[in-house]
Every structure is written in structure tokens, then in C-alpha cells.
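Got the model open in your viewer? Let's take a walk through it, one selection at a time.

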Amino acid sequence: MSTTVSPLAPKKYPKMPAIPGVRMATAEAGIKYRNRTDLLAMVFDEGTEVAGVFTRSKCPSAPVDFCRANLPGGRARLLVVNSGNANAFTGKKGRETTAITGKAGAAAAGCQPGEVFLASTGVIGEPLDAGRFAHLLAGMVKDATADFWREAASAIMTTDTYPKVATVTVKLGDADVTINGIAKGAGMIAPEMATMLSFVATDAPIAARVLQALLSGAVGKTFNAITVDSDTSTSDTLLIFATGAAEKRGAPRIETRKDPRLAAFKRGLGKVLKSLALQVVRDGEGARKQVEVAVTGAKSARSARRIAMSIANSPLVKTAVAGEDANWGRVVMAVGKSGEPADRDRLSIWFGDNRLAFEGERDPGYSEEATSAYMRRQDIRIRADIGIGRGKATVWTCDLTKEYVAINGDYRS
């Protein structure tokens, strides 16, 4: 956690309403950080359903394995999250830690270990001693409170400079339901997904299998469309919990993903996930600018996405943005190296509304003065039209500054 807040941090935070059936508590376990909270317990009422998506890394953390094993049960009573240690690449010790934590959590919440979910974030390869925090869980469950979202978001931070929260209220049938979310992430951010933890809760009565379909469908244009540094974490975890409490207020229980009453909820979930994803980008380590990369005219949507990621992940493009240099030649380079179909002589490039390149050469109307002025903004939009099809995609990233090197050069020390 940095002491200097990102210049791209939100100017104000939304008021996070309590969600019936969800209570939270935090603690200072001293796992890595001193004088700050680093442990979160989120407690759910009986009957809460759960869905999740996780990293595609071939070296997943022990908590990711633990969650994957429990997810088919579809029920959740407790989430335990620690920061400062990822419990990744920790072998048998890592599995023992998750087993001990799961057992202690189940005892604290009065449930089965299969209804406990775990997430850890921080240094990879360092054993995580469950003895540092498992004994705290009983007291945390007992003291948990509903109005604690900002504090929960703060407890899971690592190199983040601000807590990330989002909320929306939508209609399900004739009843209002709320969707709240928190996230952490600032570095090692790239699909699929990122060193990214995000936890979403709702009082909507939605079956686990429907939640899973909604969540899996929503990550493509949100958390899987961001990149800070092209590095995919071992620990990415995105979980959604539905307490079903709104059923008492007349919200219909949803058992199928094709239920037409889901439309507003689906939009609301997408809105919360996109807000959290962009907050992660805007807190990219050392970031000073948010960059939206839009690709149009590609052979397919999949091709457009790969080209967009090639641009967004290019250190040369990102450092040019950091230096406020309208170096569109680097975008040409990134398109060309993507391995996707492209035609040099049909390629056009914009920075904002300034067209810099057109049909394979510098635009005759290009203005260095106007484009340089645009590059001084905090929010930059780069668009590349490939000129060969109808495929399009949009992804988000941030600039790459010397602060990123400084943060990651001494992360373990």
C-alpha cells in the first residue's frame, strides 16, 4: 500500500449500502504490513449462493485451488482474505494453510469447510503461517458488521494507493436489489485475470448456476479487458455472493439464465465490474494516465482484441503516453507485431479526435501542436482502424512510468 495516492483516484466514493445477509470485519494480523489491517472476513447468512472465476495461470495459488474445489457446492457462509502474502508456490505448506484456515473459518461461522472461500494476495513463494491469523476468525465473525465496505476494501490492498468500491441498485421484478463490489489490484494486472481480487455481493435471490453464467459472461468486457503490465497473477479471484434476502421483499427467485427479469441485474453487474476494473487500471503502479485502446475494422472481434492488447501491453506505447509523446509509430509497431491480419496501407490511427496516420502514412492534416496538447490529458484514447473487416474491441491500460520500476524493484525488500 502506497502512502501517495494515485492522481487518478476517485474524487469521491459512493455510499455503500448495507446488504442484508452480509457482514464484515477486518483485523491487523501483521502478516507483512504493520499498523494497518491485512485480514478480512466476510460472513454470509445461511443459504447464500456463490459463483466465481479465477486466474488462468498454470501456477495457481493454494487459495485458488481451495476455492475451485468448493465452488461446485454453490454455497457460501464465509470469505477470508489476507494481504501481504499470496500463499502461492508454497507446495504442501500452502495446502496445509488453506486446510487449517478453512477448518478454523468453518468453526467460526458454524458451517462446513466446503462453504468457506479463501483468497490471498502479496508476495509469491513465501510460506503463509495460518497461526498468524486463524485464531482471529472466531472474534471477527462475532463482531462483523454490515456497514463496513470501505474498510473491507482497504484491508485487501497491497501496492494499491486507494480502496476500490462500487455499488448499484436495480430492479428484479418489482423489488429493488443491490449489488456491491470491492476490488484490489495495481500491478501484475493482465487477463486472464490480474493480480486482482474482487468480491461482489447482492441480496438478489439467484441460483448459483445462473450467477456463474452471468459472471462468466460479464468478465470479458470488464476484468478481462484491462492490463497494467501484461503479467498474469497466480492469485486472481473474482467471487459473487447472493444472499437471496430480497426474496422476502418480493424479488422473484431466478433459476434460469434466460429469465427476462434478469436484464436489469445483468446490466447492473456489468456496471459494477467495469467500475472496479477501471479503478484497478487507474491505480496501476506509478500510473499517471488512463489509456483506452479501441481497435476497429479488424478481421474479427477476437482479432481486434488481440491487436488492442498488443497496443495496450507495449512498453514503448505506454512510455510514450507517460512522456506525453504522440508517437503513433509505436502503435503501428504494436499492430504489426500482434500476429493478427492487418494491411499496412489501410491502417489509420487516432489519438483522441486527432487522426495521425491514414492509409499507411502520416495524415496530411496532422497537427503536432493539437496532438501534443491532447497528450497532456489524464485520460487518453488511442484508436486503430485496421481497415479489413468489422471486428472491434476496447481494452484499458495505463501509462508506464519510472515509479512502476521503483515499486517493483524493491517489492520484496
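**First stop: E359**

Select E359: at 48% relative accessibility, this residue counts as partly exposed (buried is under 20% relative accessible area, exposed is over 50%, and partly exposed is in between, with a 1.4 Å probe and protein chains only). E359 has a positive phi of about 50°, although it is not a glycine. Look for E359 in the loop between strand 12 and strand 13 (361-362); helices (H or I, at least four residues) and strands (E, at least two) are DSSP runs, numbered from the N terminus.

A word on ground rules before moving on. This is a predicted model, with residues numbered from 1 along each chain as its sequence is written. Local features need pLDDT of at least 70 and side-chain atom pairs count only at pLDDT 80 or more, while totals for chains, interfaces and linings use all residues, and side-chain values use heavy atoms, with hydrogens and water left out.

**Into strand 12**

Now select N354, which sits in strand 12 (residues 354-358). Is N354 buried or exposed? N354 counts as buried, at 18% relative accessibility. Not counting residues up to four places away in sequence, N354 touches I349, A370, T371 and Y374, where contact means heavy atoms within 4.5 Å.

**Another positive phi**

Jump to E324, in the loop between helix 8 (315-322) and helix 9 (328-337). Its phi is near 55°, a positive value in a residue other than glycine. E324 is partly exposed, with a relative accessible area of 31%.

**Past helix 9**

Next, pick S338, in the loop between helix 9 and strand 11 (348-351). With a relative accessible area of 18%, S338 is buried. Show its surroundings and, leaving aside neighbours within four places in sequence, you'll find S338 in contact with R306, I307 and S310. Draw a C-alpha to C-alpha distance from S338 to R306: the two are 32 residues apart in sequence and 6.8 Å apart in space.

**Zoom out**

Show the whole chain as a cartoon. There are 11 helices and 15 strands to find. The radius of gyration, taken over C-alpha atoms, is 22 Å, close to the 22 Å that the globule rule (2.2 Å times the number of residues to the power 0.38) gives for 413 residues, so the chain is as compact as a globular protein of that length. Along its principal axes, the C-alpha trace spans about 70 × 55 × 35 Å.

Color by accessibility and 57% of the 413 residues count as buried. Switch to a contact map: of the contacts with a separation of 6 or more, 81% are between residues 24 or more positions apart.

Turn on the surface, too. The chain exposes about 17,400 Å², and carbon and sulfur atoms supply 50% of that area (Shrake-Rupley method, 1.4 Å probe; for residues, only the protein chains shown count as cover).

**The cores**

What's inside? In soluble globular proteins, nonpolar side chains tend to be buried together. Here the largest nonpolar core has 76 residues, and F223, L238, F265, I311 and F351 touch the most other members. A nonpolar core is a set of buried Ala, Val, Leu, Ile, Met, Phe, Trp, Tyr and Cys residues joined through side-chain atoms within 4.5 Å. Which helix gives the most to this core? Helix 6 (residues 263-282) does, with 9 residues. Apart from this core lies another, of 29 residues, including I19, M42, A76 and A152.

**Stay on helix 6**

Select K274, also in helix 6. K274 is partly exposed, with a relative accessible area of 37%. Beyond its neighbours within four places in sequence, K274 is in contact with T222 and W396. Add A218 to the selection: from C-alpha to C-alpha, K274 and A218 are 8.9 Å apart in space, with their positions 56 residues apart in sequence.

**Last stop: helix 1**

Finish on R68, in helix 1 (residues 62-70). At 36% relative accessibility, R68 counts as partly exposed. Leaving aside neighbours within four places in sequence, R68 is in contact with F54, T55 and P60. For a longer line across the view, join R68 to E255: they are 187 residues apart in sequence and 22 Å apart in space, C-alpha to C-alpha.
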